[in-house]
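Hi everyone, thanks for making room for me today. I'd like to walk you through one structure and stop at a few places along the way. Please have a look at it first, and then we'll go in together.

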Amino acid sequence: MDPYKYRPSSQYDTPFWTTNTGAPVWNNNNSTTVGPRGPVLLEDYHLVEKLAQFDRERIPERVVHARGASAKGFFEVTHDISHLTCADFLRAPGVQTPVIVRFSTVIHERGSPESLRDPRGFAVKFYTREGNFDMVGNNLPVFFIRDGIKFPDMIHALKPNPKSHIQEHWRIMDFFSHIPEACNMFTFLFDDIGIPADYRHMEGFGVHTFKLITKAGKETYVKFHWKPTCGVKNLLEDEAVMVGGANHSHATQDLYDSIAAGNFPEWKLMIQTMNIADEDKFDFDPLDDTKIWPEDMFPLQPVGRMVLNRNIDNFFAENEQLAFCPGVIVPGIYYSDDKMFQTRVFSYSDSQRHRLGPNYLMLPVNAPKCAHHNNHHEGFMNFMHRDEEVNYFPSRFDPVRHSERVPISQSRISGVREKACIHKENNFQQPGVRFRSWDPARQDRFIKRIVEMLSDPRVTPEIRSVWLSYWSQCDKTLGQRMASSLSMKSAM
Ligand code: HEM
């Protein structure tokens with residue numbers, strides 16, 4: 001055995017305490033002092049190291065989705081879709097791929113309750129033989145906005161007031177009164193499904209339109225859906241208050257306890273597909289992430305199942321250090337031109353280089369499980385052992401070559417530079433259809449929640465009237481019922 005080989009530290013690998021540099025610690029209860037009453041001497045290296053390490057234990061939390069829980073398991077192909085994609089991990093029924101999943105809330109801090117009305121993140125990292133594939137989705141099928149340039153403002157409006165540090169309805173209603181495309185998302189978030197009961201009883205969606213590509217270069221638009229086999233369960237407001245009041249980590253606990261008890265959560269992966277040649281045939285833009293693709297027009301097709309059968313061993317290493325990015329794809333899967341999707345491709349890794357450091361992809365939870373090689377190295381906290389002399393490419397001394405050609409999207413793109421909205425906004429049709437699909441009691445609960453938001457004393461008459469005009473355009477009776485409910489409330 002090489003006596004100088006690096007051995008990662010663990011509390012179990014020596015019979016006695018040591019410093020980080022390996023020196024024995026013979027007294028971990030008392031600081032070095034002048035006499036038994038002090039003062040304390042700065043020369044106590046062990047004391048200084050212990051406190052300095054502790055002082056740096058927290059890393060920045062995620063700017064969004066700070067509160068989350070993760071678990072490990074596998075994905076298994078159940079249905080052959082090799083006619084649609086050459087993705088290796090989808091090559092045939094029966095193929096299994098290890099995964100790690102992180103569920104999250106969006107807006108509040110790392111320790112915030114898991115019982116608030118908020119979208120839930122549903123991010124899956126597939127460790128495939130051709131590199132990682134991150135499907136970074138949510139529990140709702142649409143999103144608030146369709147252009148990432150609005151994302152920082154949107155998050156500022158949803159997060160606590162920078163002065164009071166309280167989330168305030170007037171700021172949310174003010175911001176979104178400028179964003180009519182958010183109406184569809186509001187009919188999900190302010191519906192009964194707006195507070196999932198826990199992470200196991202929750203659907204997941206890729207939200208954006210992706211492309212599947214075959215080896216021959218045939219491209220198909222696709223949307224991904226996760227369906228929980230134990231069904232969907234949500235909390236109404238009163239239930240959420242009880243659940244969250246009793247345990248602010250109820251969803252993390254439910255996930256952890258279920259897996260520990262052998263009651264493994266499972267989801268079916270379904271897809272909707274669209275022929276790219278048809279993309280202009282609809283009254284909505286299929287690349288607009290504020291829209292669903294109606295299931296009667298684009299039926300769900302089964303692809304596989306995901307089972308979470310292992311809890312994480314360490315929350316910091318496998319949750320806080322876990323990094324997903326929508327840009328992380330594998331051959332056979334590609335981005336569509338959805339503007340939001342494209343913005344996300346940049347933002348996540350950028351955030352992670354700040355949050356975790358430039359070598360965050362070396363962390364065990366983020367590193368691919370397949371062999372990998374390049375010359376992107378060095379930088380802070382690089383712990384890779386490299387002893388080769390050639391760190392440039394190409395070189396006649398380095399046998400590593402390009403991989404076989406990977407199919408990339410061949411669709412033609414042309415146009416002049418613009419800063420413009422998409423042509424087919426169609427902001428109000430889908431929320432109207434959704435509202436009319438509910439029974440009257442569910443409609444009433446939706447109206448009550450929006451009226452509650454609009455009744456914040458700092459919501460001005462102008463903001464209210466903009467909202468009433470939006471809801472009236474979604475559905476005339478919705479607008480009327482909202483208006484009368486608002487005037488009754490303000491008369492009270
Ligand atoms: C997390 C940016 C839209 C789902 C994050 C993070 C950033 C970010 C910076 C933190 C990453 C980290 O520190 O690890 C953005 C931007 C968006 C956008 C700029 C718009 C352009 C969306 C959309 C979805 C989504 C549309 C859902 C489809 C998530 C999820 C996480 C996340 C699930 C948490 C991942 C985890 O568990 O670590 N987002 N986001 N985001 N975002 Fe987004």
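Let's start with a pair of phenylalanines: phenylalanine 126 has phenylalanine 133, in strand E4, as its bridge partner. Before I go further, please keep in mind that this is a predicted model.

That bridge is one of eight that join E3 to E4, and the two strands run antiparallel. The connection between E3 and E4 is a hairpin through two residues. Now, how many residues of E4 are buried? Eight of the eight are, so E4 is largely enclosed by the rest of the structure.

Next, the ligand. It is surrounded by 24 residues, and the closest are Arg62, Arg102, Tyr348, Gln352 and Arg355. Let me take the arginines that make polar contacts with the ligand. The side chain of arginine 102 has an N or O atom 2.7 Å from an oxygen atom of the ligand. For arginine 355, an N or O atom of the side chain is likewise 2.7 Å from a ligand oxygen. Arginine 344 faces a nitrogen atom of the ligand instead, with a polar side-chain atom 3.4 Å from that nitrogen.

Which elements give two or more residues to the shell around the ligand? They are strand E3 (120-128), strand E4 (131-138) and helix H8. So our hairpin strands come back here, as E3 and E4 both belong to that group. The largest share of the shell, though, comes from H8, with eight residues.

The ligand also carries an iron atom, and I expect you'll want to know what holds on to it. Which protein atom is its donor? The single donor from the protein is the OH of Tyr348, 1.8 Å from the iron. Tyrosine 348 sits in helix H8, which covers residues 339-355.

Now let's move to some other strands, with E9 (residues 301-311) as our reference. Strand E1 (residues 68-77) pairs with E9 in the antiparallel sense, over seven bridges. If you'd like a landmark there, find phenylalanine 75, which stands opposite methionine 306 in E9. Strand E8, residues 266-275, is also paired with E9, antiparallel and over six bridges. The landmark for this pairing is lysine 268, whose bridge partner in E9 is arginine 305.

Here's one I enjoyed: a lysine in strand E6, which spans residues 210-213. Is lysine 211 buried or exposed? Lysine 211 is buried, with a relative accessible area of 2%. Its side chain has polar partners. One polar contact, of 2.7 Å, joins lysine 211 to the side chain of serine 409. Another, of 3.0 Å, links the side chain of lysine 211 with that of serine 411. Setting aside residues up to four places away in sequence, lysine 211 also touches others, including Tyr221, Ile276, Tyr334 and Tyr335.

For contrast, phenylalanine 54 lies in helix H1, residues 45-55. Phenylalanine 54 is exposed, with a relative accessible area of 51%. That value counts as exposed because the cut-off is over 50%. The C-alpha atom of phenylalanine 54 is separated from that of methionine 297 by 56 Å, and the two residues are 243 apart along the chain.

My last stop is helix H2 and what follows it. H2 runs over residues 151-158, and in it Met154, Ile155, Ala157 and Leu158 are buried. Where do they sit on the helix? Seen down the axis of H2, the buried residues fall within an arc of 160°, so they line one face. As a general reminder, an α-helix has 3.6 residues a turn, so residues three or four places apart point the same way. The buried residues of H2 pack against helix H3, residues 169-176.

Between H2 and H3 there is a loop, and asparagine 161 is found in it. Asparagine 161 is buried, with a relative accessible area of 10%. A polar atom of the asparagine 161 side chain lies 2.7 Å from the backbone nitrogen of lysine 163. The asparagine 161 side chain also makes a polar contact of 2.7 Å with the side chain of glutamate 168. Leaving out neighbours within four places in sequence, the contacts of asparagine 161 are Ile166, Gln167, Glu168, Trp170 and Arg171.

That's my tour, and thanks for listening!

Conventions. Residues numbered from 1 in each chain as written. Predicted model: local features only at pLDDT ≥ 70, side-chain atom pairs only at ≥ 80, totals over all residues. Heavy atoms only, no water. Buried < 20%, exposed > 50% of the residue type's maximum accessible area, 1.4 Å probe, protein only. Helix = DSSP H or I, 4+ residues; strand = E, 2+ residues; numbered from the N terminus. Arc of directions from axis to C-beta. Contact = heavy atoms within 4.5 Å. Donors = N, O, S within 2.8 Å, 3.2 Å for Na, K, Ca; no water. Pairing = 2+ DSSP bridges. Near = heavy atom within 4 Å. Polar contact = N/O pair within 3.5 Å; in protein donor to acceptor, adjacent residues only side chain to side chain.
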